[in-house]
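Student: Got a minute to walk through this one with me? I'd like to start with the helices and then move on to the rings.

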Amino acid sequence: MNRIIPIMPCQSIKEQAAFYEALGFTTLHMSTRPNPYLSIGSGELEIHFYGSKKTIPAENPTMCYVKVDDVERIYEEFTSNLKKNIGKIPRSGYPRISKLKELTNDQRFIVTDISGNTLYVGTPYGERPDSVFWRSLESAKYAKHFEVLYDLTYSKEDYRTAQNMLDKFFPPITDTFDACTLDWAKVLLVTLDLHKLSSQTIHKSVNDKLQQLLKTNGPLTPEWNKIKQKYEDILKGE
């Protein structure tokens, strides 16, 4: 067995083809009757869809993990194509594409198409020593809670539960966060991003505190340069 091709449901063959073409895929085959069917491809990747009027995007559990060699390159291609072809990068609703995420075992982003099918596109870290930089804290007091907060925000995209977790275990806006400043900056970054993802606005107090930390502590080291770049990406909506 050399290849597996996922076959997923979709509401409209033509609309499905249009979305994937906007991402940069090529339509390989499309038939609308008597049995609606679509196949699209990009490089070695091929995905098929069958027409199903019963498909409800919000209730569609279909998903597929797509392992790629360079997820950052694929992410840049997809987002650039979306900007060019539809004029924006949709972050909510159907379709949508997430930001690039640093998780436990891989770096990934999520594509949810117009029919609610979910593609997890990722590159495993292997033995890279910096693989969990964004998801980990030095502080033993906060580390476990932060891992859960990070995964709720970026892997599960459960913003309500993530906000409850944040309110319960972290005091990120005050001066009572008894951990190193780099840990504090990571928590503030997630807090800022979570607020923007859920409300589409910038949290002023968190933003001010991050600016102060960056002014006081960096960018002097590679770690603080990462913090600075991540902060700028959040403000730009990348």
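Tutor: Sure. One term up front: buried means under 20% relative accessible area, and exposed means over 50%. Also, this is a predicted model.

Student: Fine. Which residues of helix α4 are buried?

Tutor: Helix α4 spans residues 159-169, and its buried residues are Ala162, Met165 and Leu166. They cover an arc of only 100° around the axis, which puts them on the same side of α4.

Student: Why would residues three or four places apart point the same way?

Tutor: An α-helix has 3.6 residues a turn, so that spacing brings them round to the same direction.

Student: And what is exposed on the other side of α4?

Tutor: Arg160, Asp167 and Lys168 are exposed there.

Student: What covers the buried residues of α4?

Tutor: The cover includes α3 (143-154) and α5 (181-199).

Student: Switching to aromatics. How many aromatic pairs are there?

Tutor: The count is 11, with ring centres within 6.5 Å as the cut-off. Take Tyr75 and Phe109: their pair is edge-to-face, 5.2 Å centre to centre, with 65° between the planes.

Student: Where do Tyr75 and Phe109 sit in the chain?

Tutor: Tyr75 is in helix α2 (residues 71-86) and Phe109 is in strand β8 (residues 106-112). They are 34 residues apart, so this pair links distant parts of the chain.

Student: Are those two buried or exposed?

Tutor: Tyr75 has a relative accessible area of 10%, so Tyr75 is buried. Phe109 is at 0% and counts as buried too.

Student: Back to α3 for a second. What kind of pair do Phe146 and Tyr150 make?

Tutor: A tilted one, because the planes are at 55°, with the ring centres 6.1 Å apart. Both residues lie in helix α3, four residues apart, about one turn of the helix.

Student: Buried or exposed, those two?

Tutor: Phe146 is buried, with a relative accessible area of 0%. Tyr150 is buried at 2%.

Student: OK, and which residues do ring pairs link into a cluster?

Tutor: Phe19, Tyr20, Phe25, Phe49, Tyr75, Phe78 and Phe109. So the Tyr75 and Phe109 from before are both members, as that list shows.

Student: Last topic, charges over rings. What sits over the ring of Tyr94?

Tutor: The charged end of Arg96, 5.1 Å from the ring centre.

Student: And over Trp134?

Tutor: There, the charged end of Lys230 sits over the ring, 5.6 Å from its centre.

Notes. Residues numbered from 1 in each chain as written. Predicted model: local features only at pLDDT ≥ 70, side-chain atom pairs only at ≥ 80, totals over all residues. Heavy atoms only, no water. Buried < 20%, exposed > 50% of the residue type's maximum accessible area, 1.4 Å probe, protein only. Helix = DSSP H or I, 4+ residues; strand = E, 2+ residues; numbered from the N terminus. Arc of directions from axis to C-beta. Contact = heavy atoms within 4.5 Å. Phe/Tyr/Trp six-rings, centres within 6.5 Å; stacked < 30°, edge-to-face > 60°. Lys NZ or Arg CZ within 6 Å of the ring centre and 35° of its normal.
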